[in-house]
Amino acid sequence: MLGVPKERPTHAEQPPLVLLRDITKSFPGVLANDHVNFEVRPGEIHALLGENGAGKTTLMNILYGLYRPDSGEIYIRGEKVQIRSPRDAIQLGIGMVHQHFKLVLPHTVAENVALGLNGTPFWAPAKVVAQKLRELSTRYGLHVDPERRVWELSAGEQQRVEILKALIRGAEVLILDEPTSVLTPQETAELFKVLRRMKEEGHGIIFISHKLDEVLEIADRITVMRRGKVVGTLLAQEADKATLARMMVGREVVFRLSKTTCNPGEAALRVEDLYVRSDRGLWALKGISFAVCRGEILGVAGIAGNGQRELVEALAGLRRVERGRILILGKEVNGRSARAISDLGVAHIPEERIRMGIVPGLPVEENLILKKHHRPPFCWRGFLRFLAIREFAKRAIEEYGIITPSPKTPAKLLSGGNIQRLILARELSGRPAVVIAAHPTYGLDVGATEQIRQILLRQRDEGAAVLLVSEDLEEIMELADRIAVIFRGEIMGIVPAAEATLEEIGLMMAGEKRVKVEG
Amino acid sequence: MRRLGPFVFEPRLSPPRYIVFGVSVLAVVVALLAAAPVFLGYGQNPWQAYAAIGRGIFGSWPSFSEVLRRAIPLILCGVGLTLAFRAQFWNIGAEGQLLAGAVAATGVALFLRVPEGLRLPLMFLFGFLAGAFWGLIPALLRVKLGVNDVISTLMLNYVMAYIVEWLVHGPWKGPTMRGFAYTDAFPLAARLSFLPATRVHWVTLVLGVVMAVLIALLLARTRLGYEIRVVGQNPDAARYAGINFTVVLSLVMILSGGLAGLAGVGEVAGIHWRLRSPSHISMNYGYTAIIVAWLARGNPLAAIFTALLFGLFFAAGDYMKTTLGLPFQITGVFNGLILFFLIGFDLLMFWRVRLARKEGAWISQAGS
């Protein structure tokens, strides 16, 4: 297959691989796509940039046959088509790599690829597929062993499997939904190499992202969406960060958050030689130690699943400490209940804000007192004091800018950003000494993200010890005073943010590098 | 949004009250329609039968009072179950908890040496405690060992039913009952008085209504009620907030089981004046109360009214048996159908169904 590269025809003369014309799609109460036009030419990486909720994923779900547009037309290679299901999309040569991989973990790579593939023999389909996989792997530089089981693979390798799945089904257009969110910087570089290779082969690639740096690096053209509309399409060479950000948000964004110099006081949170098990009983934390001072943000960087969740849960009193100690304001809290730890002044902004952080059916005001409902002023002799609760809710809604029809509205009707504001308003009321924030801006739009980062910085300036766990390296670089990198339950090193480089942190996240941990 | 034939389904996040009420009424009406073939099978015109039952029951105070009498155990058990369901504890065990209360009351009535004035109050107290104990077992089993609450509460019903059987055939068999499987009759001081010209043991009725009000207050106004609602609506958030599941679920089941126990006291002290075979004491009140609580949508005050509705069905069953010559078991068919349609019609509460507009329908035809 791999011959001498022939002279390629200029792709621009061919009809676009995909042309979406005037696509409109509404959900109850939301216009998700408003007369959107979008095209991908062969041999092009076209980035779709926008905040969460801008309508990028809706548009791609329409192209992939998961939704049907209310109106508008879809042309593939110049021909008008109806895409009624992902099956139609695949037949038309469209492949999609979802943000959350859709793989069967106990099966091998080849078995996963063979699943649902047409034209494979009834018996041992994976055998035939494995051969084909090897061909494709070398052709595109997508190195995965077809015989390995998926659960053994890293996130980057799993993503390669998803891309191979699409390629083997003959995808000419590949949709990648936030593909770098689970990758280390090194893995991202690998992915970009593969994408460039695919581009050379004449594939069209749609790259969905909200990260400006990435988009500028990989894309040929960039289409920016905001609130369901296309704001504009520009060539990557002609675009810069500030312009794109302004198009995305509709106003100027200050990138550097004001950061005052840190005065580490006494250690409000100290962890000594902590051992914790995961849900499956394996060691999730293997003897980690660190301290967070008052007036300091310690960022915990790492790829998801390296013990961050267990660390946060152990600190919040939700997971058993097997060995080692946790000290809050000098008091050992091993074995204390979540309530006791919360009462000591530990705020916990949980990772899964809807699953854990709120009670969806209860009104906003009752959600605002969770964890404090058992103490005055909200509770007196076992009875709730609704006057005090209402008063507190009104103040919190105003202070944190929670957008809600009323304090009695069920929390489930709020948007993601407002739910997070609600959680912050609740957790940060009453001046916590320690703030544990797990992925506090994950999935939020730029406006809410900025506000929440400012709130965390203010907490620090007011003397709280903040532990910030995040997968967003830029966020950690911006906010943290020191950065601890966690890999497979161990701390690879703690470095001052001022001296850290992305590359160094990336290597530590991948377990390639270890620096001496300072006290 | 989903399409099914000519219908479009749109999710409805929080159904307004009138929808909840309307859907519940609809379920009852459809169940009445669906039960019609049973009457036809017995050679009766169902509409005439329904009309005759209505006339018979609402015709006079003594016959209407039977509705109240039947509703008493349903109110107590139903209110307790609304509480358990609000905490997402699936208490299917009101039947056993009711029987536990009946056993304890019988013990106090027949065997405890106390001043006669204290006998009834003590019967209620011990009946409550016995029901609470029988309810507490599955609560602790679930919190401490993760035992499924549906299974454990259901199985404990059988255990308690056999304990009652054993008592009335064995150690507690009444020497004066000439071979019947009864205990001796209760002394007068252990019997509840009736409303005039009825068999309505009003003390238990008042107790049921008061309890409904208290439980409603507990849920809406107290710290414990708040914790119960949090545990029921999002156990993960409850864990996150440091709410103690052992305490909350134990208290819920002490109350839920205790209330069913009170219902058992009312039945033996108000109706039978003795302990006898479990099927005579309870007539499946504990199971029917599940439907009562479900229809009340977890609202203890609403449970008073849904209990009255099912009291009406029981009274109708009595009337069918005595006047129309139909088997009482038709009541069971009714109750089953109502629960069936209630659960089925939940779809209508959380999805708005409408006919697809012409235009839209064509697009969908092209699509599906």
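This briefing describes the fold of two chains, A and B, and the contact between them. The model is predicted. Chain A has 17 helices and 22 strands, whereas chain B has 16 helices and three strands. The contact takes 31 residues from chain A and 20 residues from chain B.

**Overall form of chain A**

- The radius of gyration of chain A is 25 Å, close to the 24 Å given by the globule rule for 519 residues, so chain A is as compact as a globular protein of that length.
- The C-alpha trace of chain A spans about 75 × 50 × 45 Å along its principal axes.
- Of the 519 residues of chain A, 47% count as buried.
- Among contacts in chain A between residues at least 6 apart in sequence, 66% link residues at least 24 apart.

**The six-stranded sheet of chain A**

- An open sheet of six strands in chain A follows the order β16-β19-β20-β13-β21-β22, and its pairing is mixed.
- The edges are held by β16 (346-349) and β22 (490-496) of chain A; each has a single partner strand, so one side of each lacks a neighbour in the sheet.
- From one strand to the next, the twist of this sheet averages 15°.
- Strand β21 (residues 482-487) of chain A pairs with β22(A) in the antiparallel sense over six bridges, and A:A484 stands opposite A:I494 in β22(A).
- Helix α9 (residues 308-315) of chain A packs on the sheet, where it touches β13 (296-301), β19 (434-438), β20 (465-469) and β21 of chain A. The direction of α9 makes about 150° with that of β19(A).
- Helix α17 (residues 502-509) of chain A also packs on the sheet, touching β13, β21 and β22 of chain A. The direction of α17 makes about 30° with that of β21(A).

**Strand β19 of chain A and its partners**

- Five of the five residues of β19(A) are buried, so this strand is largely enclosed by the rest of the structure.
- Both faces of β19(A) are covered, with buried A:V434, A:I436 and A:A438 on one side and buried A:V435 and A:A437 on the other.
- β19(A) pairs with β16(A) in the parallel sense over four bridges; the bridge partner of A:V346 in β19(A) is A:V434.
- β19(A) also runs parallel to β20(A), to which five bridges join it; here A:A438 stands opposite A:V469 in β20(A).

**The four-stranded sheet of chain A**

- An open sheet of four strands in chain A has the order β12-β11-β14-β15, with antiparallel pairing.
- β12 (283-293) and β15 (331-332) of chain A stand at the edges with a single partner strand each, so one side of each is without a neighbour in the sheet.
- Eight bridges connect strand β11 (residues 267-277) of chain A to β12(A) in the antiparallel sense, and A:A267 has A:C293 as its bridge partner in β12(A).

**Overall form of chain B**

- Chain B has a radius of gyration of 23 Å, which agrees with the value near 21 Å for a compact globule of 368 residues.
- Along its principal axes, the C-alpha trace of chain B spans about 80 × 60 × 30 Å.
- Of the 368 residues of chain B, 45% count as buried.
- Among contacts in chain B between residues at least 6 apart in sequence, 78% join residues at least 24 apart.

**Helices of chain B**

- The axes of helix α3 (residues 46-58) and helix α4 (residues 61-86) of chain B come within 6 Å and cross at roughly 100°; α3(B) and α4(B) are therefore roughly perpendicular to each other.
- At this crossing, B:G56, B:I57 and B:F58 in α3(B) meet B:S63, B:F64 and B:V67 in α4(B). The residues of this contact divide into four nonpolar, two polar and no charged.
- Helix α13 (residues 285-295) of chain B is mostly covered, with 11 of its 11 residues buried; among them are B:Y285, B:Y287, B:I290, B:W294 and B:L295.
- After α13(B) comes B:R297, whose phi is positive, near 55°.

**Contact between the chains**

- The contact draws on 31 residues of chain A and 20 residues of chain B.
- On the side of chain A that touches chain B, the elements giving two or more residues are α10 (338-343), α11 (353-357) and β18 (383-384) of chain A.
- The residues of that side of chain A comprise 15 nonpolar, nine polar and seven charged.

Terms used: Residues are numbered from 1 along each chain as its sequence is written. Chains are lettered from A and ligands numbered from 1 in the order in which they are written. This is a predicted model: local features need pLDDT of at least 70, side-chain atom pairs count only at pLDDT 80 or more; totals for chains, interfaces and linings use all residues. Two residues are in contact if their C-beta atoms, placed from the backbone, lie within 7 Å. Ala, Val, Leu, Ile, Met, Phe, Trp, Tyr, Cys and Pro count as nonpolar, Asp, Glu, Lys and Arg as charged, and the others, Gly among them, as polar. Two strands pair if DSSP finds at least two bridges between them. Axes are lines fitted to C-alpha atoms, for helices over the stretch in contact, and angles run from 0 to 180 degrees between N-to-C directions. The radius of gyration is taken over C-alpha atoms; the globule rule is 2.2 Å times the number of residues to the power 0.38. A residue is buried if 20 or more other C-beta atoms lie within 10 Å of its own, exposed if 12 or fewer, and partly exposed in between; C-beta atoms are placed from the backbone. Angles under 35 degrees count as roughly parallel, over 145 as roughly antiparallel, 65 to 115 as roughly perpendicular and the rest as oblique.
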